Amino acid sequence: THCLYVVATPIGNRGDISLRAWYTLSLMDAIACEDTRNSANLLQSLGLHKPLVAVHEHNEHSQTPLLVARLQAGERIACISDAGTPGISDPGAHLVAAVRAAGLRIIPLPGACAAVTALSASGVPAGTAHAQGFVFAGFLPSKGRERLTALQAWIAQAQAAQHNLVIYEAPHRMADLARQLADLPPLTLTLARELSKQFEHLHTLPSHDLAAWLAEDAQRLRGEFALVLHPSPVRAATADAGDLDEATRHTLTVLLDEGL
Ligand code: SAM
């Protein structure tokens, strides 16, 4: 049957390509990718040489019908992105939707994803009633106010459900993100930097300390970052009343009056 293989590739360490991904890619007639130079490097390191077709946000509307037609004609085609899982803060969704709409099959090959890798390294409690869930925000908007509003909304959503919140951020916006976090209620966060690469680093700290921590060493701002913001339980005993909104302060006062 005609199908599109959606293949996850490494987010750093090239050894993270799966045997199935390697074998599948080796059987393809063509590979749709984001950046042909980047993917040619990856394929070369895997000992593979395949015709590449660039499909990115600027040409996906013209390229997609051509790829669907090629699949219908019986060609074997896979789709990859620059790193990790296609469609996760990466192109892929448009092509996948078109292929499915054409009645063709999608075969996804699971593999590396920075969000899931960061979560697995952050000590997310597994199996507890609330905290096992997570919310994936991906990249925030790049501009100031819009960004702060989005950050606030994602945090509120995750907090309401007591879920972890995963954010992707470009290195040149990390300092900005740290400043914005300092303006919001304090949370605990895990910073996952350069996962599966030489300078991999994991650090858990209070969100309000991030700006100072990053400023301590210029190296800390280099590389790729995924952040996990952990839901913190309401700590009535230690909460600074100044941080609480009116309704919460009222509730706490009533509880204290009742001796609770
Ligand atoms: N499709 C990818 C995935 O499955 O995770 C995400 C691609 S997105 C364009 C790139 C962002 O993912 C980076 O800016 C960073 O936030 C995160 N990321 C990718 N690789 C990473 C790594 N090795 N360590 C930490 N974060 C990473």
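**Exercise 1. Find out what the buried residues of helix H7 pack against.**

Solution. Start with the helix itself: in this predicted model, H7 covers residues 174–182. Next, pick out its buried residues, which are Met174, Leu177, Ala178, Gln180 and Leu181. Now look down the axis of H7: these buried residues fall within an arc of 165°, so they line one face of the helix. Finally, see what that buried set meets. The partners are helix H6 (144–161), strand E7 (164–169), helix H8 (210–215) and strand E10.

**Exercise 2. Work out how the buried and exposed residues of helix H2 are arranged.**

Solution. Begin by listing the buried residues of H2 (residues 36–45): Ser39, Leu42 and Leu43. Viewed down the helix axis, they sit within an arc of 95°, so they line one face of H2. It helps to recall that an α-helix has 3.6 residues a turn, so residues three or four places apart point the same way. Then turn to the other side of H2, where Arg37, Asn41, Gln44 and Ser45 are exposed. As for packing, the buried residues of H2 go against strand E2 (30–33) and strand E3 (52–54). One last thing to spot is Gly47, which follows H2 and has a positive phi, near 75°.

**Exercise 3. Identify the strands that pair with E8, and say in which sense.**

Solution. First check how covered E8 is: 5 of its 6 residues are buried. Then take one partner at a time. With strand E9 (residues 201–206), E8 pairs in the antiparallel sense over 6 bridges. To find this pairing in the model, go to Ala192, whose bridge partner in E9 is Leu202. With E10, E8 also pairs in the antiparallel sense, over 6 bridges. Here you can use Thr188, whose bridge partner in E10 is His230.

**Exercise 4. Describe the largest nonpolar core and follow the contacts of Ala118.**

Solution. Start with the count: the largest nonpolar core holds 53 residues. Inside it, the residues with the most contacts are Val7, Ala78, Ala118, Val166 and Ala226. Strand E10 (residues 225–230) gives this core its largest share, 5 residues. Now zoom in on Ala118. Leaving out residues up to four places away in sequence, Ala118 touches Val166, Ala192, Leu195, Ala226 and Val228.

**Exercise 5. Sort out what surrounds the ligand.**

Solution. There are 24 residues around the ligand, and Gly84, Cys113, Ala114, Tyr168 and Leu195 come nearest. Split the shell by type and you get 12 nonpolar, 6 polar and 6 charged residues. Then ask which elements contribute. Helix H5 (114–121), E7, strand E8 (188–193) and E10 each supply at least two residues of the shell.

**Exercise 6. Locate Ser89 and Gln162, and decide whether each is buried, partly exposed or exposed.**

Solution. Take Ser89 to begin with. Its place is in the loop between strand E4 (77–79) and helix H4 (93–101). Ser89 has a positive phi of about 50°, although it is not a glycine. For the burial call, count C-beta neighbours inside 10 Å: Ser89 has 17, so it counts as partly exposed, since being buried takes 20 or more and being exposed takes 12 or fewer.

Gln162 goes through the steps in turn. You'll find Gln162 in the loop between H6 and E7. Its phi is positive, about 55°, although Gln162 is not a glycine. With 16 C-beta neighbours inside 10 Å, Gln162 counts as partly exposed.

Notes
Residues are numbered from 1 along each chain as its sequence is written. This is a predicted model: local features need pLDDT of at least 70, side-chain atom pairs count only at pLDDT 80 or more; totals for chains, interfaces and linings use all residues. A nonpolar core is a set of buried Ala, Val, Leu, Ile, Met, Phe, Trp, Tyr and Cys residues joined through C-beta atoms within 7 Å. Helices (H or I, at least four residues) and strands (E, at least two) are DSSP runs, numbered from the N terminus. Two residues are in contact if their C-beta atoms, placed from the backbone, lie within 7 Å. A residue is near a molecule or strand if its C-beta atom, placed from the backbone, lies within 6 Å of it. Ala, Val, Leu, Ile, Met, Phe, Trp, Tyr, Cys and Pro count as nonpolar, Asp, Glu, Lys and Arg as charged, and the others, Gly among them, as polar. The arc is that of the directions from the helix axis to the C-beta atoms. Two strands pair if DSSP finds at least two bridges between them.
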